[in-house]
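Please look over the model shown here with an eye to its charged and nonpolar surface features. The report takes up patches, salt bridges and one buried position in turn.

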Amino acid sequence: MTQTQSARPMDGTGPARRLVEASAADAAEVLRRTGTAPCLATVLVGEDPASVAYVRMKRRQCERAGIASRRVALPASISTEGLVAEVTALSRDAGVHGILLQHPVGPHIDERAAFEAIAPEKDVDGVTTHSFAAMAFGLPGFVSCTPGGIMRLLDAYDVDLAGKHAVVVGRSAILGKPAGLLLLGRDATVTYCHSRTVELSARVREADVLLAAVGRPRFIRGADIKPGAVVIDAGYNEGNVGDVDFESARERASLITPVPGGVGPMTIAVLLAQTVVAAKRQLGLA
Ligand code: NAP
């Protein structure tokens with residue numbers, strides 16, 4: 001590909017819709033065979049508007065796919081012990097197959113302790129150390145939904161990862177770090193960049209596959225993109241803006257995810273898919 005060509009957009013809505021349809025068919029089959037619909041419990045602490053909107057969207061998508069959801073709304077003042085008790089109760093509740101604890105839970109709460117109270121077999125958002133370790137070892141388990149969605153999107157576009165240099169900008173526990181491990185598991189050569197990386201532009205320029213997971217609007221400039229690179233923009237900043245400057249990046253990339261409509265829809269689709277898988281396992285169907 002030459003520098004003047006415009007990248008093909010990596011639309012996430014189509015692959016996400018197909019995954020949701022497959023999950024809906026599976027959920028219907030679970031209901032038919034057991035009389036029980038898969039059920040996702042959503043736990044929301046406080047009333048942060050973005051978190052309220054995320055949880056509402058996830059519950060609505062569940063409903064459309066025939067997945068029951070149980071809403072647990074807790075006051076912002078809840079203690080770590082209180083939240084851990086609530087999550088533990090859901091972990092023990094046979095009527096709940098998946099648990100989503102919406103991040104963030106508030107600065108006075110030990111969020112990690114609350115995540116660890118999720119039973120591994122119900123960790124459909126892939127947030128526990130158990131899930132992370134399973135993913136890192138390449139063992140069966142639930143992956144963090146955004147990295148899982150990114151891998152599915154790369155597969156939907158037949159991106160060959162073996163031997164490619166993948167550069168991941170960002171190393172958060174839910175996104176950058178697991179995404180890099182999943183890319184490594186597919187034989188990419190992986191470089192992680194973060195806020196202490198020196199000469200970030202030089203590292204970005206080496207990327208055959210670039211994953212931007214920074215949380216800064218239009219942080220990655222097109223001039224730094226290797227011609228022909230595959231660019232995944234996981235960023236979602238105020239005003240529906242990604243971490244990559246889309247207009248300049250598309251002039252150099254071969255494939256690029258739009259924001260919105262790229263990684264975002266895949267994330268929710270993976271959550272639903274993992275919830276149905278969790279239900280099937282718990283109900284003895286898988
Ligand atoms: P995060 O926890 O804030 O992590 C941001 C990462 O970027 C950190 O590793 C940080 O490095 C790195 N970083 C910050 N400034 C940098 C700089 N100047 N140069 C290089 N690296 C820098 O964010 P996150 O939760 O991973 O989310 C990242 C983005 O993805 C956000 O826009 C978020 O909204 C979006 N997101 C989207 C979805 C989705 O479903 N589409 C899901 C989750 C997140 P340090 O580790 O050194 O601090």
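What follows describes a predicted model, beginning with its surface patches.

**Surface patches**

On the surface, a patch of positive charge is made up of Arg56, Arg60, Arg64 and Arg71, and helix H2, which spans residues 49-64, supplies the largest share of this patch with three residues. Arg64 is placed in helix H2, and this arginine counts as exposed because its relative accessible area of 64% is over the 50% cut-off. Helix H2 also holds Tyr54, which joins Met57 and Tyr236 in a nonpolar surface patch with a combined accessible area of about 300 Å². Tyr54 itself is partly exposed, with a relative accessibility of 33%.

**Salt bridges**

How many salt bridges does a search of the whole structure find? The search returns twelve, and three of the pairs are set out below with the distance between N and O atoms.

| Pair | N to O distance |
|---|---|
| Arg112 and Glu116 | 2.5 Å |
| Glu206 and Arg203 | 3.0 Å |
| Asp245 and Arg218 | 3.9 Å |

Arg112 and Glu116 both belong to helix H4 (residues 111-116), where they stand four residues apart, or about one turn of the helix. Both partners are partly exposed, Arg112 at 38% relative accessibility and Glu116 at 32%. In the second pair, Glu206 is likewise partly exposed, with a relative accessibility of 32%, and Arg203 is partly exposed at 23%.

The salt bridge between Asp245 and Arg218 links distant parts of the chain, 27 residues apart: Asp245 sits in the loop between strand S8 (230-233) and helix H9 (246-249), whereas Arg218 sits in the loop between strand S7 (209-212) and S8. Is Asp245 buried or exposed? Asp245 is buried, because its relative accessible area of 13% is under the 20% cut-off, while its partner Arg218 is partly exposed at 41%. Elsewhere, Glu29, Arg32 and Arg33 are connected through a network of salt bridges.

**A buried glycine**

Gly148 is located in helix H6 (residues 145-156), and with a relative accessibility of 8% this glycine counts as buried. Which residues does Gly148 contact once its neighbours within four places in sequence are left aside? The contacts are Val143, Leu182 and Val270. As for its position relative to Arg221, the two residues are separated by 73 residues in sequence and by 25 Å in space, taken from C-alpha to C-alpha.

How values were computed. Residues numbered from 1 in each chain as written. Predicted model: local features only at pLDDT ≥ 70, side-chain atom pairs only at ≥ 80, totals over all residues. Heavy atoms only, no water. Patch = residues over 30% accessible without salt bridge, like charges linked within 9 Å, V, L, I, M, F, W, Y side chains within 5 Å. Areas by Shrake-Rupley, 256 points an atom, 1.4 Å probe, with all protein chains shown as cover. Salt bridge = Lys/Arg side-chain N within 4 Å of Asp/Glu carboxyl O. Lys, Arg positive; Asp, Glu negative; His and termini not counted. Charge placed at Lys NZ, Arg CZ, Asp CG, Glu CD. Helix = DSSP H or I, 4+ residues; strand = E, 2+ residues; numbered from the N terminus. Buried < 20%, exposed > 50% of the residue type's maximum accessible area, 1.4 Å probe, protein only. Contact = heavy atoms within 4.5 Å.
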